[in-house]
Amino acid sequence: MACVDEKVKVLESCIVTPSEEMPRHRLWLSPLDLMMVNRGHTPNVYFYRYASSSGVVDDIFFDVARLKAAMAKALVNFYPLAGRLGVDGDGRAEIDCAGQGAHFVVARSDLNVDDFSDCQPSLELKRLFVPRIVDDSPGVMLAVQLTFFKCGGVALGTALHHVAIDAVSAVHFFETWSAFSRAGSRDKDVAEVLELPCHDRTLLRARSPPRVVHPDAAAMFWPLKDNPNISEPSPPPGPVVNEILVISKDQIAALKHASSGASTFCAVSAHVWRCMCVARRLAPEATTRLTFPANFRRSLRPPLPARYFGNGIIMVGAAGKVRDIASEDQLALASVAERVKEAVRGLEDELVRSTIDYLEMNEAPPASSMPETEVRIVSWLGMPVYDVDFGWGKPLTMMRAVQQRAGLIYLIDGGQGDGGVRVLLSIEAEALEDFQRLLYKNL
């Protein structure tokens, strides 16, 4: 019996392969996929509470055999997740799709699921519940760890390689896996209504010859030293901490009203950006930038298939002087929200095509620490992350297991349809108290 930690013991580690034999082939990766090769796996964790009126733990709760069988069925159509990262004859990365399988780990713990209902992303959370196999086998596309708590609840830790999918595609896979699990022996019912993923990544091939037409296409990739408006990245002045802060439904309504009716994303992003500028005590004359990955599937002409499976996102953003973004003027929030809205509105076909062509000609910079003038917001708003029901109920909570880059923020729906928003914040420790105060000020 392997020991992940004194708090978690691994009972089983195996490979789940597609339930049908798949023809071997090599999946070509788009320039947008290639920039994710070195980003590795995205570590997330779902927590499920055991619900029983009798209080007696049913040993078929999160039945392992049923979950494995359901995954095997899902991997038939989502076969890249059963593959391995490889390279072609020219050294270009690709996914070797030969049905090698996904890693499935089963563990148990003497902890209780309620111990984690209000926990924060941390290295410990990742160490306990996200399968470590991806550290030793970086070419694996998918690994999961199912940890049973003594209370009967479970944690489902997942690690998906970003070279294979973005968040939209990940949700599609988990919707399908959980649907097969709920159906059990009635899996034919699922197959009949299953929305098949589109694996044709040549839809995002660079033009020949590649050409960067849109003036903003390269902006998010400029080395900071070549961009006079953005300050150089520097080591954070102190430790970076993570915190999950909740903005209630009523507070969201107040933010949207103050933002002249902006969307939830634009209003919350504008508010968070302003709070970060003040909490970090940036110089008024400094230029600050907000960036965020945007799903462009419907922005291309013609649009990508709605179920395009791969990376269908590019980075867009807005910038401005700190004095303008953080202004205490009564109309400042609406003005900043409009900047964010303009960035969203600017997502169109030529910007996407020019970005792809830029990446075809230039190597994307590696992920690194961001300058304190930059904020990056990843929005999972509207994604059905709380609908991952394998047949035993929806998750109590779901979160990124760890994040260590100061200035990186995730926005997630509050859960259980409460209309709120959870802000998963990574920030310099010395700025956290001020940020919390500013986030709720006047709300």
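Let me start with the open sheet of three strands, which in this predicted model has the order 3-6-5 and antiparallel pairing. Its edges are formed by strand 3, residues 25-28, and strand 5, residues 84-87, each of which pairs on one side only. If you look at how the neighbouring strands of this sheet sit relative to one another, they are turned by 45° on average, with direction ignored. Between strand 5 and strand 6, the latter covering residues 93-97, there are four bridges, and the two strands run antiparallel; as a point of orientation on your screens, L85 stands opposite I95 of strand 6.

Moving along the chain from strand 6, we come to the loop that leads to strand 7, and in that loop lies G101. Is G101 buried or exposed? Its relative accessibility is 0%, and therefore G101 counts as buried, the cut-off for that class being under 20%. As for what surrounds G101, and leaving aside residues up to four places away in sequence, it touches I15, V16, T17, L81, A82 and R84. For V16 in that list, the C-alpha atom is 5.1 Å from that of G101, although the two residues are 85 apart along the chain.

V16 also takes us into strand 7, where its bridge partner is A102. That pair belongs to the strands I would like to consider next: strand 2, residues 8-16, is joined to strand 7 by eight bridges, and these two run antiparallel. With strand 8, residues 142-149, the arrangement is parallel, and seven bridges join it to strand 7; here V105 has Q145 of strand 8 as its bridge partner. How many of the eight residues of strand 7 are buried? Seven of them are, so this strand, which spans residues 102-109, is largely enclosed by the rest of the structure.

Finally, let me turn to helix 5, which comprises the 17 residues 167-183 and reaches 24 Å from its first C-alpha to its last, close to the 24 Å expected at 1.5 Å a residue. The helix is mostly covered, with 13 of its 17 residues buried. At its N-terminal end the cap is provided by D166, one of whose side-chain oxygens lies 3.3 Å from the backbone nitrogen of V168. At the other end, helix 5 is followed by G184, a residue whose phi is positive, near 60°.

Technical notes: Residues numbered from 1 in each chain as written. Predicted model: local features only at pLDDT ≥ 70, side-chain atom pairs only at ≥ 80, totals over all residues. Heavy atoms only, no water. Pairing = 2+ DSSP bridges. Axes fitted to C-alpha atoms, helices over the stretch in contact; angles between N-to-C directions. Expected span 1.5 Å × (residues − 1). Buried < 20%, exposed > 50% of the residue type's maximum accessible area, 1.4 Å probe, protein only. Polar contact = N/O pair within 3.5 Å; in protein donor to acceptor, adjacent residues only side chain to side chain. Contact = heavy atoms within 4.5 Å.
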